[in-house]
Each structure stands twice: as structure tokens, then as C-alpha cells.
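Student: I should like to learn how to read a sheet and a pocket in a structural model. Could we work through an example together?

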Amino acid sequence: DGDGMNNWQEWVCYTCPTNSLMYLHLVSVVPVGANVAVTWTSTTGVNYFLERSTNPASPFKLIATNLMGQLSEFVYTDTNAAGRGPFYYRVGVRAPSP
């Protein structure tokens, strides 16, 4: 469908491989006081994880796991983002066990 995800990735994320508007992606990353609110597209029943880095070329650090999806968007507040950044985030999904 041209959204950059193959059929297996769409299956793992519970998104639709024929709908280019339905894919896992970050919606926003917004400072909220000393914290950072990270929002992504979400699907009920999907188990997400979130990673952060201060440089997109450096390794990302796992900051949250077992984040159960919601009906529309998931908002995670990163309370451990020390300093002014910059911060880079990526969200992922654990593939279901066979």
C-alpha cells in the first residue's frame, strides 16, 4: 500500500496492508514541563515498546515495555528525559509468539 511497511510488519502491528493511512508511526513528541509526551498510532491488544536516544546515529535505549495499545493513539510521558535534549524516539511492537 506504499506506507513503507511490508505485509509481515503490518500483521505484527495489527494494521491494514491495503490502507496506506493505517501504519505504526509517531504522531508527536512534545515537551511537557520537565517531561516529554510521546504519542503514536495504536491498536487495542498490541504490545508496544518505546526507545530513546540523544543521537539518531547512536544506539537507542529501551525506556518502556509492555505498553498495551489503545483504540486510537497511545500517549507515553517520558519522565526520565534528563536535560534539554535533543531526544529521538522510536516505537516498536513485539511479534506474537507462535
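Tutor: We shall discuss the sheet and then the largest pocket of this predicted model.

Student: What is the general idea behind the pairing of strands in a sheet?

Tutor: Strands of a sheet pair through backbone hydrogen bonds, and the pairing is either parallel or antiparallel. In this model, three strands form an open sheet in the order S1-S2-S5, and their pairing is antiparallel. Strand S1 (26–32) and strand S5 (73–78) are the edge strands, each pairing on one side only. From one strand to the next, the twist averages 15°.

Student: How many bridges join S1 to strand S2?

Tutor: Six bridges join S1 to strand S2, which comprises residues 35–41, and these two strands run antiparallel. To follow one pairing in the display, begin at Val29; its bridge partner in S2 is Val38.

Student: Which residues line the largest pocket?

Tutor: A pocket may be read through its volume, its lining and the character of that lining. Here the largest pocket holds about 160 Å³ of space. Its lining consists of Val29, Val30, Pro31, Gly33, Ala34, Asn35, Val36, Ala81, Gly83, Arg84, Phe87 and Tyr89.

Student: Which elements give two or more residues to that lining?

Tutor: Those elements are S1 and S2. The largest share, three residues, comes from S1. Val29 thus appears in both readings: Val29 has a bridge partner in S2, and Val29 also lines the largest pocket.

Student: How do the lining residues divide by character?

Tutor: Eight are nonpolar, three are polar and one is charged.

Key
Residues are numbered from 1 along each chain as its sequence is written. This is a predicted model: local features need pLDDT of at least 70, side-chain atom pairs count only at pLDDT 80 or more; totals for chains, interfaces and linings use all residues. Side-chain values use heavy atoms; hydrogens and water are left out. Two strands pair if DSSP finds at least two bridges between them. Helices (H or I, at least four residues) and strands (E, at least two) are DSSP runs, numbered from the N terminus. Axes are lines fitted to C-alpha atoms, for helices over the stretch in contact, and angles run from 0 to 180 degrees between N-to-C directions. On a 1 Å grid over the protein atoms alone, a cavity is a set of points where a 1.4 Å probe fits but cannot get out, and a pocket is an open set with protein on both sides within 12 Å along at least five of seven lines; lining residues have an atom within 4 Å of a point. Grid points are joined across faces, edges and corners, and a volume is the space filled by probe spheres set on the points. Ala, Val, Leu, Ile, Met, Phe, Trp, Tyr, Cys and Pro count as nonpolar, Asp, Glu, Lys and Arg as charged, and the others, Gly among them, as polar.
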